[in-house]
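Visitor: I am new to this structure. Please take me through one part of it closely.

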Amino acid sequence: MASTSMNQSLLFESEFTHGAIREITLSNFLIYDYTTVKPGPHLNVIIGPNATGKSTIVNAICLGLAGKASILGRAKDLSSFIKNGCNKATIQIELHNSHENEKNYHLKRVILRNSAPNTNWFINGKSAQLKQVEELVASLDIQVSNLCQFLPQDRVADFVKMTNTELLLNTMLAADKNLYDIHAQLKEAQKKSNNLLSDFSKNLEQLEREKKLNAALEKEVGNIEERQEFERKKNDLLEKRPWVEYEEYRQLHITQKAEKEAIEKRREEVLALNAPAQHDIDLLKEKLGEKTTSFRDMGQKILNVSRDVSSINESMQLFTEKVEEAESALKSKENEEKLRIKRVEAIRTQIQALTAQRSNMEEINLAPEIAKTDSSIQQLNTQKYECEDEIRTLSAEKENKRLEIIAIESELKRIRDIDSQKLNMVNKRDRDTYNAIMWLRGNRSKFEGIIYEPPLMTLNVRDRANAKYIENSISFNNMKTFICMKSSDHEKFYRQVREEHGLIINAAVILHENPDRYQPPSPIHRYSHYGFHSYLKDMVEAPDPVLAYLCELSQLHKIPVGDRRVNSYIDEIPQQCSGITRYMSDSHSYSYTRSLYGDRNVLTRSVDLRPARLLIHSIDESKLTELTSNLKVLKREEDELSKRIQELTVSRTNISERLEEAKQRKKDLLKKQGERKAIEEKLKLKKASLSQLEEENVINIEEERASCERRCAEIYADRLKAFCRQAHKTKVVLTKCKERCKLGLESYAISEEIRHVEANMTENNLLLVGLESELAEKKEQLARTKDTARKLQREAKKAVGDPSGLSEVKQQIFKQLPSTLEEIDAMIADLQARIDLLFVDNDENVLQIYNDRKKLIERLEAKLAGREASQSAQRDEISQLKETFLPPLKAIISTINAQFGEYFRQINCAGEIELKVPANPHDFDNYGIGINVKYGDNKPMKELTTFQSGGERSVATVLYMLSLQELSRSPFRCVDEINQGMDAQNERRVFELVVNTACKPTSPQYFLLTPKLLPDLLYTDRMKIHIVHNGPYMLDHSHWNFDDFIVKRGEFAD
C-alpha cells in the first residue's frame, strides 16, 4: 500500500482536529499480514482494485474504535476478521490529542480466535475495559454507528433506507449532540405529558362515572340511613328495657317483703294466745320423745341378737357341706381304685395278644434287597440331576436368545419408525411435498418405471454427526425433488400432482443411474495430512439413481470433509489439491475461485456450517438387512432349543416315575422288616406300664370308709352345740320383743293425749295454719322475685353495664326514652314496623359501596387537582424545551438545506432539505428530515427513496454528508465506494465538491474509498492519496517512496 509523501503531511500537521486518526496499524487482520496507514488531516482518498483491502481499513477503524461488527454489515463473529491460519488479529489506532503538552491517544484491540473473552483492549499501552474505550471515543465525538458520519461499503444502501426520524436523529448526533439530548428530553417530557393527560382523562372519566353511580344510590342510601337511625333507637330501647324491667321487679320485691313481715307479726300474736296449752303439749312431746328413743333402742338390740341367730344358722349349713365333702372324697377314692384295677386287666390282655402275635411271625432278612433298591434309586437320581442340569443350561441359552430377539425387534422397530419421523419432518417443512409423497405411495401402479421419493426420505447418513455436511452441500429444493426414471412418468406425475391436486413440488428425470461413474479427483488418503478423512459421497446411502442425481447436481464425490486441521491449511489446499474447489472442516465450508486476471490469485470464501435439521433421522439399510438376517437365525436357534428342552422334559418325567416306584418299593421292604421289631417294642412298653401300675399304692377302701365315718361323727357333735346356742339367742329375742311392744303402747297413749289437748286449740290452730301457709307462700314468692331481679340485673349489666358508668350522652338518651315496659315495648314494635317497611336487600353492602365510592370520589378529585398542576408544569417544561430545540434545529436544517441546494445547483440538479413536522406538533417522536431531489429539468421534485437509481441515491447521500461537514463536530467521517453507479459527469462534479469541502483548513478529516477514479480530477495539497495494491509481486511498503516514483515517472515521460 502506498501513500503520498510524508513531507506533505508534515506541512499541515497543525490542522489535525482533536480526535482525528493519525495512524492505523493492522496485523493479521483480514487479508493483511501487516500494514500501516497514516492519514492526512483532511481528505484521504483510498483507491485500489476490488478485493485488495480498501474496506478492510474501514472495518479496522470501526472495530478499533469500539464499533460493533453488525455496523459493517458483515459477519457478526469477530473471529472471521482474523486472517486465515492465524489465531489473533491486532488493530492499533492513534488519535490526535490537541491539548497542549499531552500525548496522542493510542488504542489497541487484540481479537482472539477460540478464546473467551475474544477481545483484549489497551489504552496508551495499558489494559482497559470496553466501557473505558467507549467513554473515550464518545468524549471525542466519534460516532462510528452514525451513518451520517461513518458509511461503510455494505451500509451505503442503508442510508436511503433510513426513515425521516432516523435521519433526523443521526443528523443531530453529527451536528449538535446537545440538540439530540434536548430532543430526547422533549420526547420524554411529551411522553410524560401524554401519560399525565391520559391519566387525567381516565381519572376524570372515572370520577364522572363514580359520581353517577353514587347519585343513583343516594335515595337507597337515604332509606338505609333512616332505617339505621330507627335501628339505633330500637337498640337504645332494647338496652334500657332490662334496667326498667329490673327496676319493676326491685320495687315488687320491696312490696312483697313488707307483706311477709306483716304476716309474721300476725302469726306471733296467734302463738301468744295458745301459749298455756302449748306448754302442756311441749311436756307431753318431751315424754313422747323419751319413749320413742327407748323404743328405737330396744329395736336395735333385737336386731343385734337376730344377727347372731342368723350367723349360727349359716355355720350349721357349713356342717352339712363338710359331711357332703367327706362322703364325696370317699367315693372318689373308690372310683380311682376301680379304674386302676380295670387298666391292669386291659394291659395284661394286650400283653397276651402281642406275645401270641410275636410267636406267629417268622425271622426274615431283607437287607440285600433293600441295598439293591438303594443302588437303583441312586442311579435314577443321578440321571434325573443330569437331565435337569441340561434343561437349565438350555433354558438359560433359550432365554438369552429370546432377549436378543427382543433387542433386535426393538431396534428394527426403531429403525422403521424413522420413516414416520422423516414424514413428520417433511410435513412440517413442506406440506405439498408431504402430500405428494403420500399420494405417490398409494398410486405407484399408475407409472411404468420407478419414481423415487425425495432425498429427504431416501437419503441416509451413515453417521448422524455427518448430517450437517450433507445439508450444507445440498439445497432444500434439491432435497425435496422427486426423481423419475422415465420422462413419460415425469410428465404424468407432474400433471397429476401439480395440475390436478394443486401441489407445488419439484421433480426431475435422472440421466445416469449408476453413481459409480462419479469418482473423486483423487483418493482421500492423498489429502489425509490436511485433515481430510472422506468425501461426502462416502458418508451417505441412497438408491443408485438418487445418489447419482445428487452427485450430478451437488458434486458430492468432489467435496472432501476433514477435521479442525483443515482450517490451518486454507492457503495450501487450493494449490495442492487439484480438482477440488470446495471442501469442509469440522466447523466451516470453504470454496475458492481464481481471478481471471494477472496471477490468477485465489479468492477463498468461508461460511459457518449450519447444524443439521433435515437428515437427523436416517435409516441404515445395511444394518437393517443385517438385523433381519440375525433375527431369522436367532428364531431358528430358539425353536431348536425349545424342541431339545421338550425332549429332555419327557425324559425327566420318565426317570421321575421310575424313581418314585423304587422309593415306594424300598418303603414297603423297610415296613415289612420293621413289623416284628415294632411288636417287640410294643410288648416291652406294655410290660413296663403293667409293672408301674402294680407298683403304685393300692387304696384300702375299708380303712377309707371308717375314716369317713369318724369325721362325720365329729361334724355332727359340733352341729349340736351350735343348735343349743341358737335356741338360747332366740329366747332372748322373744323377751326383747315383748318389752318393745310395751314401749310402743305407752308412746301411743301419750300421742293420744297430745291430740286431745291440740283439739281444744282448733280455732287458733286453723288461723295459725293459714298464716303459716300464707307465710310460706309469701317467702317463696319473695325468693322468686329476688332471684328474678338479680338475674335481670346481671343481664342488664351484661348488656349495657352499670348505669352509673354510662356516658353522659347515653344517660341523656336513656332519660328521653319511656320509663315503663309497656311504653318501651310499644315503641319497639312501632320502630320494628318502620324498619321492615324500609328494608333494602343487602343494605350493608350497598352502604359500604356508597361510602367507599364517596371516599374514592374525594381521592379522585384531589388527584385530578394534582394532575392538573403537574400537566401545567409539564406543558411549561415542554414549551421551554421546544424554544431551545426548534430554533437551533431549524437553523441547522436551514444551513444544511442551503448547502445541499447549492451543491445540487452546481451539478445542474435541484435538492432541498426540509423539517418533517407531524400533524401533531407535539409528537416529537415523529419529527424527521426529508430529502427532496430532482435530476433533470423535466422531472418533478421527489423525496429520496429506494426508488431512485443507485447513482442518484449515491449523489444525494454524499452531498448530504458534505452539507453536514461544516456543522459536524466529529473529528472524521468516512464514505466507502459512494461513487459506484454515478455517471462520469456526476462523479467528477461530486468529487470536486468533496475536495472543495473537505480540504478547507478548518475541515475535519474525511475518508473517501473507491475502486477507481476518473482521470484529471481536481487535486489540492490538503489531499492525501492512499493507493492499495496487493499481490505476490508487490514491494514491501517500507521500500516504497512516492517522491522517487514521481521523479522516475517524469524521466520516462521525457
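Visitor: Is Glu657 buried, partly exposed or exposed, and what is its relative accessible area?

Guide: First, a caution: this is a predicted model. Now to Glu657. This residue is partly exposed, because its relative accessible area is 48%, and exposed would need over 50%. Glu657 sits in helix α16. That helix covers residues 621-695. Look next at Leu380. Along the chain, Glu657 and Leu380 are 277 residues apart. In space, their C-alpha atoms are separated by 9.8 Å.

From there, turn to another partly exposed residue, Asp282. Its relative accessibility is 39%, so Asp282 counts as partly exposed. Asp282 lies in helix α7, which runs over residues 275-360. Asp282 also belongs to a patch of negative charge on the surface. Its companions there are Asp280, Glu286, Glu290 and Glu753. Helix α7 supplies the largest share of this negative patch, with four residues.

Now go inside. The largest nonpolar core holds 62 residues. Six of them have the most contacts inside this core: Leu43, Leu889, Phe904, Leu959, Tyr960 and Tyr1006. Helix α21, residues 843-906, gives the most to this core. Its contribution is eleven residues. A second core is separate and has 48 residues. Among them are Met425, Cys484, Leu503 and Leu609.

To retrace the path: Glu657 in helix α16 came at the start, then Asp282 in helix α7, and then the two cores, of 62 residues and 48 residues.

Technical notes
Residues numbered from 1 in each chain as written. Predicted model: local features only at pLDDT ≥ 70, side-chain atom pairs only at ≥ 80, totals over all residues. Heavy atoms only, no water. Patch = residues over 30% accessible without salt bridge, like charges linked within 9 Å, V, L, I, M, F, W, Y side chains within 5 Å. Areas by Shrake-Rupley, 256 points an atom, 1.4 Å probe, with all protein chains shown as cover. Salt bridge = Lys/Arg side-chain N within 4 Å of Asp/Glu carboxyl O. Lys, Arg positive; Asp, Glu negative; His and termini not counted. Charge placed at Lys NZ, Arg CZ, Asp CG, Glu CD. Helix = DSSP H or I, 4+ residues; strand = E, 2+ residues; numbered from the N terminus. Buried < 20%, exposed > 50% of the residue type's maximum accessible area, 1.4 Å probe, protein only. Core = buried A, V, L, I, M, F, W, Y, C linked by side-chain atoms within 4.5 Å.
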